[in-house]
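Please find below my notes on the model, set out as numbered points. They follow the order in which I would look at the structure on screen.

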Amino acid sequence: VKLIEDTTTRAKEQLDAAEKELATLDGKQASKRDELAKCEDELEESKDRVIEAQKEEQELTQQEKVLAKRNTDLLSMAEEAKAALQASGGRSKAVSGILQAAKKNGELSKVGVIGRLGDLASVSEKYDVAVSTACGMLDHIVVQTTAGAQQCLNFLRKHGLGRANFIPLDKMKKGAHDRAVETPEGAPRLFDLISPSNFALTPALYLAVGNTLVAPDLETATRWAYDFRKRWRVVTLDGNLIETSGTMAGGGKSVRRGGMRISNSKKGGSSIQMSVDDTSVEDCAKLEQQAKEALEQLQQCRSKKRALVEEVRSLQKRIKALSVKLPKLTMEIAGCDTTREELTKRLPDLRSQCTLSAEESQNISDLNKKVEKCKSDMTVCAALASKLEKEVSKLQEAILDAGGPKLKKQQETCDKVLANLNKASKDLNAAKVSVTSSRKAAIKAQNNKKAAEEELTKCLESLEAKTAEFKSLEDEALEVMQAYEQMKDVELEKRTALEGVTKEAEDLKKSQAKVKCLEVELVGKLDSIDKQIHE
């Protein structure tokens with residue numbers, strides 16, 4: 001009966017679950033479709049935003065390059081302006097007065113003043129010290145004509161500004177700087193390393209430096225100056241100068257620098273008149289402010305670029321996740337249709353299973369009648385069994401009463417013997433288990449003993465081998481120590497000999513230096529004698 005009823009109950013539970021699932025299936029499918037539409041829209045928006053962000057990133061990259069170049073140029077111009085301002089501060093009163101008067105609407109604005117020679121050309125920072133040392137005419141004023149120079153002299157006398165030197169371009173020799181010159185070992189000429197702001201200034205620059213050579217160090221400069229058929233004027237990068245007469249100048253803790261403009265920024269122009277405009281403090285401050293603003297713009301640009309890169313990275317991750325999620329949602333939506341179709345087909349069967357057929361109802365009725373009959377029979381049997389148990393109890397009491405105290409005592413003795421027997425049986429079983437465990441432990445101990453003896457034998461053999469090896473190494477170490485002591489003696493001898501040779505070499509160098517100095521003095525005296533002879 002219970003089996004039939006359980007089958008019906010399970011069918012009802014399955015029917016209720018199927019109906020509930022079918023009722024929620026439409027809502028579930030609708031939510032999945034909404035989620036699918038949102039994901040598709042988000043995917044399209046993300047793809048569009050990635051393309052847009054990448055374009056913005058490219059634009060920012062180009063903008064970053066422009067801003068970085070502008071910042072670098074402005075910094076260079078600011079440094080150049082500072083250097084020019086410092087250089088102008090060290091000029092003589094006469095040079096500063098001429099340059100100031102040569103500005104637009106100034107007293108000398110129409111006499112053809114071009115500017116200070118050092119401001120009209122540029123040189124690499126590497127050769128700054130060399131050109132500032134070797135060229136003593138960097139503070140000369142370049143003018144276009146001799147008449148212009150005369151007017152400048154009159155201006156100095158008029159205002160009591162002192163003396164100044166002038167280079168009139170109309171009196172310069174043409175073509176002298178274009179002649180091919182063969183230098184010692186292909187040495188570079190200082191003239192070739194200078195970049196004039198205008199080609200018309202080239203004769204003046206050649207007049208200032210001539211064929212002066214630039215050497216990397218004093219040793220090379222000495223070789224170029226003295227060891228060839230012709231005497232050369234040579235200047236080193238650190239400011240040592242050797243004249244053609246043989247005299248040398250240099251040393252000291254400070255060197256000349258800043259005499260000429262540095263060519264690491266944009267300078268000069270197509271017109272040679274541009275160099276007369278001096279740099280002011282306001283110009284320096286303005287350039288520094290522009291450089292600061294350019295740096296801020298560059299930092300903002302880079303910050304935006306980093307944010308875009310991070311956004312693109314996040315969007316690409318989201319696009320990848322959505323690309324995986326969309327097929328899953330599509331499959332879930334299709335699965336809802338399949339589930340609906342299966343549940344719709346299954347519901348009639350479940351409804352039919354929930355209702356008992358006529359045959360099953362008749363079987364349940366028959367089974368219930370049999371159950372009731374069995375229950376009544378069981379009640380009768382239980383009453384009869386209770387009656388029989390009571391009779392058995394009475395009979396046992398009667399037997400004990402018939403036997404008397406003696407039987408009761410024997411019964412108690414039997415119970416005690418039986419209990420002792422059970423206890424002895426338990427103790428015997430425990431003893432057997434203990435004996436078995438002890439035997440296993442003894443076998444294991446014997447095996448461990450045997451393994452330990454074998455390991456001991458191996459260790460003894462290894463100890464003997466290591467002892468022999470140690471003895472061999474000890475003998476070799478003794479030989480190495482003896483050889484080391486011998487080499488120390490040899491090294492001491494060689495070191496003593498080296499010190500003697502080094503001392504001898506130092507003495508020779510000192511003698512050579514004295515001879516060189518004597519040679520320079522003799523050459524200078526010889527040049528003086530030659531000049532006196534010519535005079």
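1. Which residue's side chain meets that of arginine 116 in a salt bridge? The partner is aspartate 139, with 2.6 Å from N to O. Arginine 116 belongs to strand β1 (residues 113–116), while aspartate 139 sits in the loop between α3 (128–134) and β3 (141–143), so that the pair links distant parts of the chain, 23 residues apart. The two ends are covered to unlike degrees: arginine 116 counts as buried because its relative accessibility is 4%, and aspartate 139 is partly exposed, with a relative accessible area of 38%.

2. A word on reliability. This is a predicted model, and the average pLDDT of the chain is 82, with 88% of the residues scoring at least 70. Confidence is lowest in helix α1 (residues 2–89), where the mean is 80, and highest in strand β6 (residues 213–215), at 94. Residues 265–278 have a pLDDT below 50, yet beyond near neighbours in sequence this stretch makes 39 contacts in the model. Those contacts should be read together with the pLDDT below 50.

3. Overall make-up. The chain has 535 residues, of which 27% count as buried. Its secondary structure consists of eight helices and 10 strands. Of the contacts between residues at least 6 apart in sequence, 73% join residues at least 24 apart. The chain exposes about 37400 Å², and carbon and sulfur atoms supply 55% of that area.

4. Salt bridges in helix α1. The whole structure holds 18 salt bridges. One of them joins glutamate 64 to lysine 305, with the closest N and O atoms 3.2 Å apart. Glutamate 64 lies in helix α1 and lysine 305 in helix α7 (residues 281–354), so this pair ties together parts 241 residues apart in sequence. Glutamate 64 is buried, at a relative accessible area of 17%, whereas lysine 305 is partly exposed at 21%. The cut-off for buried is under 20% relative accessible area, so the values of 17% for glutamate 64 and 21% for lysine 305 fall on opposite sides of it.

5. A local pair in the same helix. Aspartate 73 forms a salt bridge with lysine 69, again with 3.2 Å between the closest N and O atoms. Both residues lie in helix α1, four residues apart, about one turn of the helix. Aspartate 73 counts as partly exposed at 25% relative accessibility, and lysine 69 as partly exposed at 48%.

6. A salt-bridge network. Where pairs share partners, the residues to inspect are Arg49, Glu52, Glu56 and Glu311, which are linked in a network of salt bridges.

7. Aromatic contact. A search of the whole structure finds one aromatic pair. Phenylalanine 191 and tyrosine 206 form this pair in an edge-to-face arrangement, 5.3 Å centre to centre and with 85° between the planes. Phenylalanine 191 lies in the loop between β4 (166–168) and β5 (194–196) and tyrosine 206 in helix α5 (residues 202–209), so the pair ties together parts 15 residues apart in sequence. Phenylalanine 191 is buried at 9% relative accessibility, and tyrosine 206 is buried at 18%.

8. A backbone point in the β4–β5 loop. Glutamate 185 is found in the loop between β4 and β5. Its phi is near 55°, a positive value in a residue other than glycine.

9. Surroundings of aspartate 128. Aspartate 128 is in helix α3 and is buried, with a relative accessible area of 6%. Leaving aside neighbours within four places in sequence, aspartate 128 is in contact with Val123, Arg256, Arg257, Gly258, Gly259, Met260 and Ile262. The C-alpha atoms of aspartate 128 and glycine 259 are 7.4 Å apart, although the two residues are separated by 131 residues along the chain.

10. A nonpolar surface patch. Which residues form it? They are Leu456, Leu460 and Leu463, which together have about 300 Å² of accessible area. Leucine 460 lies in helix α8 (residues 358–534) and counts as partly exposed, at 46% relative accessibility.

Key. Residues numbered from 1 in each chain as written. Heavy atoms only, no water. pLDDT = per-residue confidence, 0-100. Helix = DSSP H or I, 4+ residues; strand = E, 2+ residues; numbered from the N terminus. Contact = heavy atoms within 4.5 Å. Patch = residues over 30% accessible without salt bridge, like charges linked within 9 Å, V, L, I, M, F, W, Y side chains within 5 Å. Areas by Shrake-Rupley, 256 points an atom, 1.4 Å probe, with all protein chains shown as cover. Salt bridge = Lys/Arg side-chain N within 4 Å of Asp/Glu carboxyl O. Buried < 20%, exposed > 50% of the residue type's maximum accessible area, 1.4 Å probe, protein only. Phe/Tyr/Trp six-rings, centres within 6.5 Å; stacked < 30°, edge-to-face > 60°.
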